[in-house]
Amino acid sequence: MKTASPSTLDLTDACISQEAPSAESGTQRRRDAPLILLPHQNEYVGHIALDIGGSLIKLVYFTKGSSDASSSAGGKLHFVKFESSKIEECMDFMEAKRLHRSNGGNEPMRVKATGGGAFKYAERFKERLGLILEREDEMSCLVEGCNFLLKAVRHEAFMYENQQMIFEETGPDLYPYLLVNIGSGVSMVKVDGEGKYTRVSGTNVGGGTFWGLCRLLTGVNNFDDILTLSSQGDNSNVDMLVGDIYGGRDYTGIGLSANTIASSFGKVINTSMEPSDYNPADIAMSLCRMISYNIGQLAYLNAKRYNLPRIYFGGFFIRGHPYTMDTISFAIQFWSKGEMSAKFLRHEGFLGAVGAYLKVPSLQIFDGSASASEAQACFVERFTVGAPVTGGEVRGPAIGSLSDKVTWVEKFIAAAQPITETAKTEHEQALQQPRLYRSGRSSNKLLSRESPQNSEALLSRLGSQPHISLNVGVLQYTPSSQPFPLLDPRIKYDPSTTDINNDPEEMSYWIEVLMQGIPTVVEKAAASEGNTSDSLRRASTFGRVLDMHLRRLSAEPGAYGQLGLADLFELREECLREFGFEDVYRMDKERENAAALEALPDLLDEVDKLDGPERLLALIQGSLAANIFDWGAKACVDLYQNATILEMYRQARTKLSQRPWHVDNYDAFAAAWFSTSAASDVGDGHRGGAAPKSSPPFKRVLMFVDNAGADIVLGMIPLAREFLRLGAEVIMVANALPAINDITAAELRGVVARAAETCPIIRAARDAAVSTLAAAGGHIPPVAGALPESSMAQELPVARGQSGHATVARPVVRTNPSPRRLLPHATDFEDQPETPTTAARKGMFGESYPSLWKDPRLYIVSSGHGSPCLDLRRVSAEVAEAAVGADLVVIEGMGRALHTNYHTRFRCAALKLAMLKNAHLAERLFGGKVYDCICRYDPAPVQSYLDDAPA
Ligand SMILES: Nc1ncnc2c1ncn2[C@@H]1O[C@H](COP(=O)(O)OP(=O)(O)O)[C@@H](O)[C@H]1O
Ligand SMILES: CC(C)(COP(=O)(O)O)[C@@H](O)C(=O)NCCC(=O)O
Ligand SMILES: [Mn+2]
């Protein structure tokens, strides 16, 4: 996306980073782009757009840059709204956020605007903020915004049936549809495709009518108060029902049940009651039903008339109000005889503003022809501190700095206590009596209250918040992200292994786990910044906010759309970042990296004494055992009380010498491994037989790694090294941003550099990768083809320096003189006499295992993620690039390989390695116990199967 260049940047202390563009760089920006640091520049606002309606002003603005280190052109799209009568408040907000200065200069700034207010208030915006409103057609904006949101936001649309939100993913058959926008008035637009639409109908009886009549009849002014009031009412006190006319009976002949509204407000004709005798709540409810039902009926008739299979309802009239959605849903179901369902939108009233935003000519944020999965790879919704309490509502002045935010939370927590308390009650009830929640009867239903009675009870208890919170977060935009290209195209990808949305008990369990973990994380966070008073304050605010999010989700599982377990874990990391905690476990990771690096040479020594098959087994055992370094699992943190991580690792290894492991496809993996390379083990004294082949079984291996410390150093690095020896290229993929004790790509570069100091294989492979990247302009070239026969003779690793000259890797003198046995079951070869062949083959590495290794490369790339789980719906451009030609995907760790992706199928072979560190998950998903291990291997699907896949 292009943005205007700001001309009033704060250039104080600005500098161009001297950092050499290389694979060593910790950032994810294009390797050839210089990094300009502007330490004092405020949040840069790229674009804003307004939709000024009859009732509400909708403001959408984009802030450049993001917490996601992977995005250079990325940023965040924010959504806020104000009452149209409070236009000055809207301008105060824009001024405080300096949105009117986002082009940088004193030049008047042009802003896209739609809605009638773009005419009505044009002068005022110019006068006060110097903004020139560029008007855009309202219908066009509405449609464009709707198309965008349906494609780019994963669970934008939902149905509402039996008090349940049923989320929907946009499929390829989006068009044609009817868009019904219920604002002050109502527009009905037939949408046939990108840019193809016709306004087919509308009605003057809309949200403004409801609001206005409510004011007249009940005296209540504020819309939220009106909603609250209506939810406490009973419309049958004012509405004439079929049963009232038919003596309590249904009118079966025409399919009307006794409780169908025959005549809205029809009972008020009863002259025995004074108009003032009627309960305002009943009146508000009756009005809500009357208007919703009427709109639902008109919508159905128009859909029918134009043969449109789907109807989406937008506009702020809906506001997630259960009765409104219920009534509209009922109307559509009833008139279509159950053939159609109303679909609602989480961004409700923001469609027009989003559409106006997309009209900025230089903006290429969204290509209308992109598929939903391509669009969704670039946009991810984040829920900031405001979400659990305010949704899109601006309350009080704009929050500028982090300390403002902390203060705001501290103040607001007190004010929000009733909500939090209610939510807490809900949560506790859910835990005690899961009956309250509907179990997953139909496949994608979100849990909700069992019956309308419960729903009403809930609503009255919620008091100030009668509606379902449709919290819209901030849309984080990362233009370079894309779906992982190696996903099996025949299978719909869903990262979650457990569908917490369909399993209320699972949802409660994991929310509880995260809640119980809060005190530890708060403590860790403050300690990571030396327990200064500022860090203590931010840490406790972080804890409160995370707690609030979790309580909100516990009470209203659909409040943030449909979140998976991975999203819950990521929410915690995002909350930490929001309060300025960049890397809570940094010190633990550093300490553990150092300890594990000390032990690495001895481990490699021991491993190298084993022959091929035994060595491979030892390496896999090692990587499973090393996954025990996990600060995210209580079971492991408890173990650290009494043992060092290396001790825990050794114990785990001992246990792993017992096979089979809980899931154990090791033999299939080993068979694949040795299918080619074993044949080349001719004459090494351990194996024999077939003639050598010229290519390794895996040419390029993509390894999604997990934790720092023992996990990466003693588990993944030795395994990677073995792939290198096999002749494969290895791409280690690590997080862009910290998450618990996971290693980041930047840290991994440092760790690999340290490992390279003692291991020539790693050093040569890393150096080769660095020079390949330099030669290819920062890109990872496609996988090198099959190795020539002659490579068999070439066993010396050749490393090319930056200059391009070949340098032979030097043998390294070990610094650690006291080898400690790490492999409890290792066969000791030390005293065995060497045959001449093995002596020759061992070469400078002391190998007993001949290598196909020609010029292997070890790349390190960033996933673009900051989560302990792995969502392959979006990966960094580098990962996508590196995936080309990969024939093995290794996924390690509980978060990446078990919580997510356990069932994921790829175009190529896959190896999933993890230790079960949570007893509940072990039992539920695997019928196993804590510390059991999983080694799952899926061979590549047959090519013909993939060839048949849809494009
Ligand atoms: N906080 C609120 N204040 C006023 N009206 C609201 C509010 N929330 C929802 N509404 C309803 O939404 C309607 C406005 O919807 P919106 O989509 O913004 O339309 P418009 O562009 O015509 O202002 C109002 O008429 C009212 O029925
Ligand atoms: C957060 C984790 C997924 C990280 O595990 P990893 O991916 O590092 O193996 C895991 O620690 C976890 O699921 N913890 C749940 C909390 C607990 O058991 O205490
Ligand atoms: Mn981890």
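Mentor: Helices (H or I, at least four residues) and strands (E, at least two) are DSSP runs, numbered from the N terminus. The model is predicted.

Trainee: In which loop is Gly893 found?
Mentor: Strand 25 covers residues 888–892. Helix 29 covers residues 894–899. Gly893 is found in the loop between strand 25 and helix 29.

Trainee: Is Gly893 buried or exposed?
Mentor: Count the other C-beta atoms within 10 Å: Gly893 has 29. The cut-off for burial is 20 or more. Gly893 is therefore buried.

Trainee: Leaving aside neighbours within four places in sequence, which residues is Gly893 in contact with?
Mentor: Sequence distance is no guide here. The C-alpha atoms of Gly893 and Asp711 are 9.0 Å apart, with their positions 182 residues apart along the chain. Beyond four places in sequence, the contacts of Gly893 are Asn627, Asp706, Asn707 and Ala914.

Trainee: Which residues are closest to ligand 2?
Mentor: The shell holds 20 residues. Its classes are eight nonpolar, seven polar and five charged. The closest residues are Gly632, Lys634, Gly893, Met894 and Gly895.

Trainee: Which helix gives the most to the shell around ligand 2?
Mentor: Two elements give two or more residues to this shell: helix 21 (634–640) and helix 29 (894–899). With four residues, the most comes from helix 29.

Trainee: Now ligand 1. Which helix supplies the largest share of its shell?
Mentor: There are 19 residues around ligand 1, and Gly53, Gly183, Ser184, Gly207 and Phe316 come nearest. Helix 5 (207–218) and helix 6 (223–231) each supply at least two. The largest share is four residues, from helix 5.

Trainee: How many residues of each class are in the shell around ligand 1?
Mentor: Gly counts as polar here, so Gly53, Gly183 and Gly207, among those nearest ligand 1, fall in that class. The full tally is six nonpolar, three charged and 10 polar.

Trainee: From which domains does the shell around ligand 1 draw at least three residues each?
Mentor: Both domains are written as two segments. One is 1–154 + 346–382, and the other is 157–238 + 278–345. They are domain 1 and domain 2.

Trainee: Where does helix 19 bend?
Mentor: Helix 19 runs over residues 586–608, 23 residues in all. From first C-alpha to last it reaches 32 Å, close to the expected 33 Å. A proline, Pro601, follows the bend within four residues. The bend is about 35°, at Leu600.

Trainee: Which helices are included in what covers the buried residues of helix 19?
Mentor: The buried residues include Ala596, Leu597, Leu600, Leu603, Leu604 and Val607. In an α-helix, residues three or four places apart point the same way, because there are 3.6 residues a turn. Charged residues are buried as well, among them Asp588, Lys589 and Glu592. The cover includes helix 20 (612–626), helix 22 (645–656), helix 24 (710–726) and helix 25 (745–758).

Trainee: What is omega for the peptide bond from Tyr175 to Pro176?
Mentor: Most peptide bonds are trans. The bond from Tyr175 to Pro176 is cis. Pro176 is placed in the loop between strand 9 (164–168) and strand 10 (177–182). Omega is near -10°.

Trainee: Which residues does the cis peptide bond with omega about 0° join?
Mentor: Look in the loop between helix 22 and strand 19 (663–664), where Pro660 lies. The cis bond there joins Arg659 and Pro660.

Trainee: What is the phi of Phe265?
Mentor: Most residues other than glycine have a negative phi. Phe265 departs from that pattern, in the loop between strand 14 (261–263) and helix 8 (280–305). It is partly exposed, with 17 other C-beta atoms within 10 Å. Its phi is positive, about 65°.

Trainee: Is Ile740 buried or exposed?
Mentor: Ile740 also has a positive phi, near 45°. Its place is in the loop between strand 21 (729–734) and helix 25. With 26 other C-beta atoms within 10 Å, Ile740 is buried.

Conventions. Residues numbered from 1 in each chain as written. Chains lettered and ligands numbered in written order. Predicted model: local features only at pLDDT ≥ 70, side-chain atom pairs only at ≥ 80, totals over all residues. Near = placed C-beta within 6 Å. Domains from an automatic or database assignment. Expected span 1.5 Å × (residues − 1). Bend = angle between axes of the 7 residues up to and from the residue. Buried ≥ 20, exposed ≤ 12 C-beta atoms within 10 Å, placed from the backbone. Contact = placed C-beta atoms within 7 Å.
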